[in-house]
Amino acid sequence: MSNPEEPKVTAAPHVVKEELIAAGKWLQLEKTTYVDPSGNVRTWETVKRTTRRANVEADGVGIIALLKQTLHKDCVVMVKQFRPPMGCYTLEFPAGLIDEGESAEVAALRELKEETGYKGEVVGVTPVTCLDPGLSNCTTQMVMVNINGDEGENINPTQQLEFVEVVLLPLDEFQQKIDHLLKKEKIVVDAKVYIFAMGMVQAFFKPRELPVLKQ
């Protein structure tokens, strides 16, 4: 008869200390010493923004903006831009950092105007969410915005950022249009965008299209 296993030592995981390894203008690399659930002391390399504000809940915002215009399909307002870390163009939701004293809602409307030229109305805000928790402590809030495409300033919007291209994709064909772009261009899609696209496919999926229900 085998002896019973030794009970596993458990502990509430927690950070012990953080030591600066290197710092730049926008980012810094730290060595994070922490205790894991088994009570073992371990280290992790963590990237942090140097721009984090003490009095804001999240580092930045991402904007899911829907352009609504009479006699047109609802479109998702996207931005295409060259991202040096990726070495290519990316397709993303408009986004940006929250400035000192701003709420997520105010930051979202400001960033939307700067990047796309559109003026919108906030209709929803997510809780604070993490972006890449295995790499960084960066956080964001996704903000839902409706844009009245019939308003004068939204008919021919003027961007404030020179190197950002606005891309409008119909909501009911969102993933299909993204997949078409991927085949046509050398572009990488932001993970949040593609997850949203997959969700839209499920939202517009008709039960009669399920193979088991087809006659």
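Here are some notes on a predicted model, going through two helices, the aromatic pairs and a few single residues.

1. **Helix α1, length and faces.** Start with α1, which covers residues 104–116. Its 13 residues at 1.5 Å a residue should span 18 Å, and the end C-alpha atoms are indeed 18 Å apart, so the length agrees. Which residues of α1 are buried? They are A104, A107, A108, E111, L112, E115 and T116. Looking down the axis, these buried residues fall within an arc of 130 degrees, so they line one face of the helix.

2. **What α1 sits against.** The buried residues of α1 pack against a run of strands: β4 (60–68), β5 (75–83), β7 (95–97), β8 (121–125), β10 (139–148) and β11 (165–170). After the helix comes G117, with a positive phi near 90 degrees.

3. **Helix α4, the same check.** The helix α4 takes in residues 191–204. With 14 residues at 1.5 Å each, α4 should span 20 Å, and its end C-alpha atoms are 20 Å apart, so this one agrees as well. Buried here are V193, F196, A197 and M200. These residues cover an arc of only 105 degrees around the axis, which puts them on the same side of α4. Over on the other side, A191, I195 and Q202 are exposed.

4. **Surroundings and start of α4.** The partners of the buried α4 residues are β4, β5, β6 (88–92), α3 and β12 (187–189). Have a look at the N-terminal end too: D190 caps it, with a side-chain oxygen 2.8 Å from the backbone nitrogen of K192.

5. **The α3 side, seen from Q175.** Q175 is in helix α3. Is Q175 buried or exposed? Its relative accessibility is 19%, and the cut-off for buried is under 20%, so Q175 counts as buried. Its side chain makes a polar contact of 3.0 Å with the side chain of Y194. Setting aside neighbours within four places in sequence, Q175 is in contact with Y194, A197, M198 and V201.

6. **Aromatic pairs, F82 and Y89.** The model has four aromatic pairs. One of them joins F82 and Y89 in an edge-to-face arrangement, 5.7 Å centre to centre with 75 degrees between the planes. F82 has a relative accessibility of 44%, so it counts as partly exposed. Y89 is partly exposed too, at 40%. Y89 also has a charge to deal with: the charged end of K80 sits over its ring, 5.4 Å from the centre.

7. **Aromatic pairs, F174 and F196.** How are the rings of F174 and F196 arranged? Their centres are 5.6 Å apart and their planes at 80 degrees, so the pair is edge-to-face. This pair links distant parts of the chain, with F174 in helix α3 (residues 174–184) and F196 in helix α4, 22 residues apart. Both F174 and F196 are buried. Together with F93, they form one aromatic cluster.

8. **Q81 in β5.** Q81 is found in strand β5. At 12% relative accessibility, Q81 counts as buried. Leaving out neighbours within four places in sequence, its contacts are C88, Y89, T90, E92, F163 and V164.

9. **V123 in β8.** V123 lies in strand β8 and, at 47% relative accessibility, counts as partly exposed. Not counting residues up to four places away in sequence, V123 touches M144, V145 and N146. How far is V123 from P133, C-alpha to C-alpha? The two are separated by 27 Å, with their positions 10 residues apart along the chain.

10. **K31 in β2.** K31 has its place in strand β2 (residues 27–35). It is partly exposed, with a relative accessible area of 36%. Beyond the residues up to four places away in sequence, K31 touches K17, E18, E19, I21, T43 and W44. The C-alpha atoms of K31 and V143 are separated by 32 Å, and the two residues are 112 apart along the chain.

Notes. Residues numbered from 1 in each chain as written. Predicted model: local features only at pLDDT ≥ 70, side-chain atom pairs only at ≥ 80, totals over all residues. Heavy atoms only, no water. Helix = DSSP H or I, 4+ residues; strand = E, 2+ residues; numbered from the N terminus. Expected span 1.5 Å × (residues − 1). Buried < 20%, exposed > 50% of the residue type's maximum accessible area, 1.4 Å probe, protein only. Arc of directions from axis to C-beta. Contact = heavy atoms within 4.5 Å. Phe/Tyr/Trp six-rings, centres within 6.5 Å; stacked < 30°, edge-to-face > 60°. Lys NZ or Arg CZ within 6 Å of the ring centre and 35° of its normal. Polar contact = N/O pair within 3.5 Å; in protein donor to acceptor, adjacent residues only side chain to side chain.
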